[in-house]
Amino acid sequence: MNGSEAYASALRLLTGRGYSEAGLAERLRRKGCGEAEIAAALERCRELGYLDDARYGRDLAASLLRAGRAVGPRLLAELKRRGLPEETARAALEEASGEVNEEALLSEQLERRFSGFSYLEADERQRRRVVNFFLRRCFPLALILSTIKQER
């Protein structure tokens with residue numbers, strides 16, 4: 001595959017969704033592009049503003065937070081899994097976390113995911129299920145317990 005084909009493939013991939021530089025490079029490798037062609041395609045995408053790890057990290061972090069899929073350490077791990085460098089991932093996490101109220105997010109997720117849940121009426125298995133759901137998303141235990149114990 002030559003350089004212009006690698007660039008065309010990169011553009012096709014970027015029209016579908018955002019990618020980190022590492023993620024896009026990996027996808028191009030799987031398509032059979034050589035390292036020189038990948039480097040040239042990434043450079044051209046960066047120059048034109050189509051590829052920006054900082055912007056990608058901010059957007060992804062905000063999206064994951066708004067959806068309630070991850071907070072704190074889990075969000076950082078997800079950003080790094082998507083190919084963002086440690087510093088970029090941490091910066092995106094800090095910026096996105098400053099814009100979201102974790103308590104309101106947890107309450108919203110509780111209502112959406114476990115509508116009608118009552119801590120007082122739930123048995124131990126149901127309580128554990130709800131708590132573990134939020135723990136897997138890395139919400140702090142104290143926040144989870146205080147939120148689910150509130151009467152609705």
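Start by selecting glutamine 109, which you will find in helix 7. Keep in mind as we go that this is a predicted model. With a relative accessibility of 4%, glutamine 109 falls under the 20% limit and therefore counts as buried. Now show what surrounds this side chain. Beyond its neighbours within four places in sequence, glutamine 109 is in contact with Arg66, Ala67, Gly68, Phe114 and Phe134.

**Helix 4 against helix 7**

Two of those partners lead to our next stop. Select helix 4, residues 53-67, together with helix 7, residues 102-113. The axes of helix 4 and helix 7 come within 9 Å and cross at roughly 55 degrees, which makes helix 4 oblique to helix 7. To see who does the touching, display Leu65, Arg66 and Ala67 on the helix 4 side, and Leu105, Glu108, Gln109 and Arg112 on the helix 7 side. Colour this contact by residue class and you should get three nonpolar, one polar and three charged residues.

**The loop before helix 7**

Next, pick valine 100, in the loop between helix 6 (86-98) and helix 7. Is valine 100 buried, exposed or partly exposed? Its relative accessible area is 25%, so valine 100 is partly exposed. Not counting residues up to four places away in sequence, valine 100 touches Leu65 and Leu105. Both leucines also belong to the contact of helix 4 with helix 7 that you have just displayed. For a distance to try in the viewer, join the C-alpha atoms of valine 100 and arginine 66: they are separated by 7.7 Å, with the two residues 34 apart along the chain.

**The largest pocket**

Stay with helix 4, but switch on a surface. Rolling a probe the size of a water molecule over the atoms shows where empty space is left. The largest pocket here has a volume of about 170 Å³. Which residues should you select to see its lining? Take Leu14, Arg17, Gly18, Tyr19, Tyr50, Leu51, Asp52, Arg55, Tyr56, Asp59, Leu60 and Arg82. Helix 4 supplies the largest share of this lining, with four residues. By class, the lining divides into six nonpolar, one polar and five charged residues.

**Arginine 81**

From there, move to arginine 81 in helix 5 (residues 72-81). Arginine 81 has a relative accessibility of 59%, so this residue counts as exposed. Draw a line from its C-alpha atom to that of alanine 8, and the separation is 25 Å, for residues 73 apart along the chain.

**Helix 9 and the loop before it**

Now go to cysteine 138, in the loop between helix 8 (124-136) and helix 9 (141-149). Look at the backbone here: cysteine 138 has a positive phi of about 70 degrees although it is not a glycine. Cysteine 138 counts as partly exposed, at 29% relative accessibility.

Finish with isoleucine 148, which lies in helix 9. Isoleucine 148 is buried, and its relative accessible area is 1%. What packs around isoleucine 148, leaving aside its neighbours within four places in sequence? Its contacts are Leu110, Phe117, Tyr119, Val130 and Val131. As a last distance, the C-alpha atoms of isoleucine 148 and glycine 116 are separated by 11 Å, and these residues are 32 apart along the chain.

Technical notes: Residues are numbered from 1 along each chain as its sequence is written. This is a predicted model: local features need pLDDT of at least 70, side-chain atom pairs count only at pLDDT 80 or more; totals for chains, interfaces and linings use all residues. Side-chain values use heavy atoms; hydrogens and water are left out. Axes are lines fitted to C-alpha atoms, for helices over the stretch in contact, and angles run from 0 to 180 degrees between N-to-C directions. Helices (H or I, at least four residues) and strands (E, at least two) are DSSP runs, numbered from the N terminus. Angles under 35 degrees count as roughly parallel, over 145 as roughly antiparallel, 65 to 115 as roughly perpendicular and the rest as oblique. Contact means heavy atoms within 4.5 Å. Ala, Val, Leu, Ile, Met, Phe, Trp, Tyr, Cys and Pro count as nonpolar, Asp, Glu, Lys and Arg as charged, and the others, Gly among them, as polar. On a 1 Å grid over the protein atoms alone, a cavity is a set of points where a 1.4 Å probe fits but cannot get out, and a pocket is an open set with protein on both sides within 12 Å along at least five of seven lines; lining residues have an atom within 4 Å of a point. Grid points are joined across faces, edges and corners, and a volume is the space filled by probe spheres set on the points. Buried means under 20% relative accessible area, exposed over 50%, partly exposed in between (1.4 Å probe, protein chains only).
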